[in-house]
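Thanks for coming, everyone. I'll take this in pieces: sheets, helices, cysteines, then some backbone oddities. Please look at the screen.

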Amino acid sequence: MEAVQLYSAIVAQRGKLAANLISQLPAYKSLLDCGFIQKKGIIQSVLCDQCDAPHDAEIVFEDARYGYYCPDLGFVPKSRSELKAVKANIDKFVSSFAEHLEVKRRKTTPIADDIWRIGVLSSLNSDLVVYFCPTLRDAEDLEACRAALGREVKASYGIIFTALGELELPPYKTVNLTEALSFDAASKTFILDFDLFELAGVPVSQTGGRPSTYAKDINMLIEQREKLSIALDGRNDEAKAVLAAFKEQFPNKPPPALSTVKRYVSEFRSGS
């Protein structure tokens, strides 16, 4: 299981998850070391599958032992190592992703419960607001998200990232983390694999937010590729190639979003 898939699965729990279920996966250590998941004591309940009628059972601590009670088996002891819990660090994800996207108007606390405004990107024609809602799989999720966004200034375009579910709140588009992001091991962060502006139906050209910290490096790579006659004809293909070159040449820098690279490729080719 890749890092994005594992992180999404943990986020979708909307709470604690037993570490021993996932700790053997290669991506687990990367996410833990980078702070995207955190150790959180022990889980509160387990599934008892030792009897004829599997059931949830609350963890208790009695006589210096952890365990749970089963109607058929009585007290079933569990070692503490089996009960260690982890939880998604949404704060870390939002702050890291906001930095990656170079947003403006970022909110550093949730707008409601665990629903976040990551920030706003701007084009020549309209703002694009970016939100995060852990799950959008049922009516309860949708209503909670609707209530949270209802207290926000409404934008014409928006993206709601989620770990699970496909329900939408028009005019905003719902995008699953596993479909949109990848994990960059060198920079230890999640990066965007496609263009948010194109997905939301707004122009790619971006003017708002803080000045890009990538301009000099990206333009240098684009010019190099043109001079070496290795630039690709398609804007999307060339942007992906420039992004790959950026990661190779600057392994210690957080990579830019693909949408950022596409914008610079477009500007270079138009002569602007």
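A word on labels before the tour. Helices here are DSSP runs of H or I with at least four residues, strands are DSSP runs of E with at least two, and the numbering starts at the N terminus. Also, keep in mind that this is a predicted model.

Let's start with the sheet of four strands. What is its strand order? It reads β9-β10-β12-β14. The sheet is open, and its pairing is mixed. At the edges stand β9, residues 116-122, and β14, residues 173-176. Each of these has a single partner strand, so one side of each is left without a neighbour in the sheet. From one strand to the next, the twist averages 25 degrees.

Now the pairings inside that sheet. A general reminder: strands of a sheet pair through backbone hydrogen bonds, in a parallel or an antiparallel way. β9 and β10 run antiparallel, joined by six bridges. β10 covers residues 127-132. For the register, take two positions. Leucine 121 stands opposite leucine 128 in β10. Glycine 119 stands opposite valine 130, also in β10.

On to the next pair. β10 and β12 are parallel, with five bridges between them. Phenylalanine 132 has phenylalanine 161 in β12 as its bridge partner. So much for "mixed": antiparallel for β9 with β10, parallel for β10 with β12.

How many of the six residues of β10 are buried? Five of them, and the strand is mostly covered.

What packs on this sheet? Helix α4, residues 90-101, does. α4 touches β9, β10 and β12, the last of these being residues 157-162. The direction of α4 makes about 5 degrees with that of β9.

Next, the sheet of three strands. Its order is β1-β8-β2, the sheet is open and the pairing is antiparallel. The edges are β1 at 17-18 and β2 at 37-42, each pairing on one side only. β8 spans residues 84-88 and shares four bridges with β2, in the antiparallel sense. Want a register marker? Use glutamine 38, which stands opposite lysine 87 in β8.

A helix sits on this sheet as well. α2, residues 26-34, lies across β2 and β8. α2 runs at about 95 degrees to β2. For contrast, recall the figure of about 5 degrees for α4 and β9.

α2 has a helix partner too. α1, residues 3-12, packs with α2 at about 70 degrees, and their axes are 9 Å apart. That makes α1 roughly perpendicular to α2. Which classes of residue make up this contact? Six nonpolar residues, no polar and no charged ones. The names: Ala3, Leu6 and Tyr7 from α1 meet Ala27, Tyr28 and Leu31 from α2.

Now cysteines. In general, a disulfide is a covalent bond between the sulfur atoms of two cysteines. How many does the structure hold? Zero. Take cysteine 48: the nearest cysteine sulfur belongs to cysteine 70, 3.9 Å away. The cut-off is 2.5 Å, and cysteine 48 is in no disulfide. Cysteine 48 is also buried, at 0% relative accessible area.

Cysteine 133 has a similar entry. The closest cysteine sulfur to its own is in cysteine 145, 4.2 Å away, which is too far for a bond. Cysteine 133 is buried as well, with a relative accessible area of 1%.

Last topic: backbone. As a rule, most residues other than glycine have a negative phi, and most peptide bonds are trans. Here come the exceptions.

Aspartate 63 is not a glycine, yet its phi is positive, about 55 degrees. Glutamate 102 is not a glycine either, with a positive phi of about 60 degrees. Where are they? Aspartate 63 lies in the loop between β5, residues 60-62, and β6, residues 65-70. Glutamate 102 lies in the loop between α4 and β9.

Buried or exposed? Aspartate 63 is exposed, with a relative accessible area of 68%. Glutamate 102 counts as buried, at 4% relative accessibility.

One more exception. The peptide bond joining proline 170 and proline 171 is cis, with omega at about 10 degrees. Proline 171 lies in the loop between β13, residues 164-165, and β14. That β14 is the edge strand from the sheet I began with.

Over to you.

Note on methods:
Residues are numbered from 1 along each chain as its sequence is written. This is a predicted model: local features need pLDDT of at least 70, side-chain atom pairs count only at pLDDT 80 or more; totals for chains, interfaces and linings use all residues. Side-chain values use heavy atoms; hydrogens and water are left out. Two strands pair if DSSP finds at least two bridges between them. Contact means heavy atoms within 4.5 Å. Axes are lines fitted to C-alpha atoms, for helices over the stretch in contact, and angles run from 0 to 180 degrees between N-to-C directions. Angles under 35 degrees count as roughly parallel, over 145 as roughly antiparallel, 65 to 115 as roughly perpendicular and the rest as oblique. Ala, Val, Leu, Ile, Met, Phe, Trp, Tyr, Cys and Pro count as nonpolar, Asp, Glu, Lys and Arg as charged, and the others, Gly among them, as polar. Buried means under 20% relative accessible area, exposed over 50%, partly exposed in between (1.4 Å probe, protein chains only).
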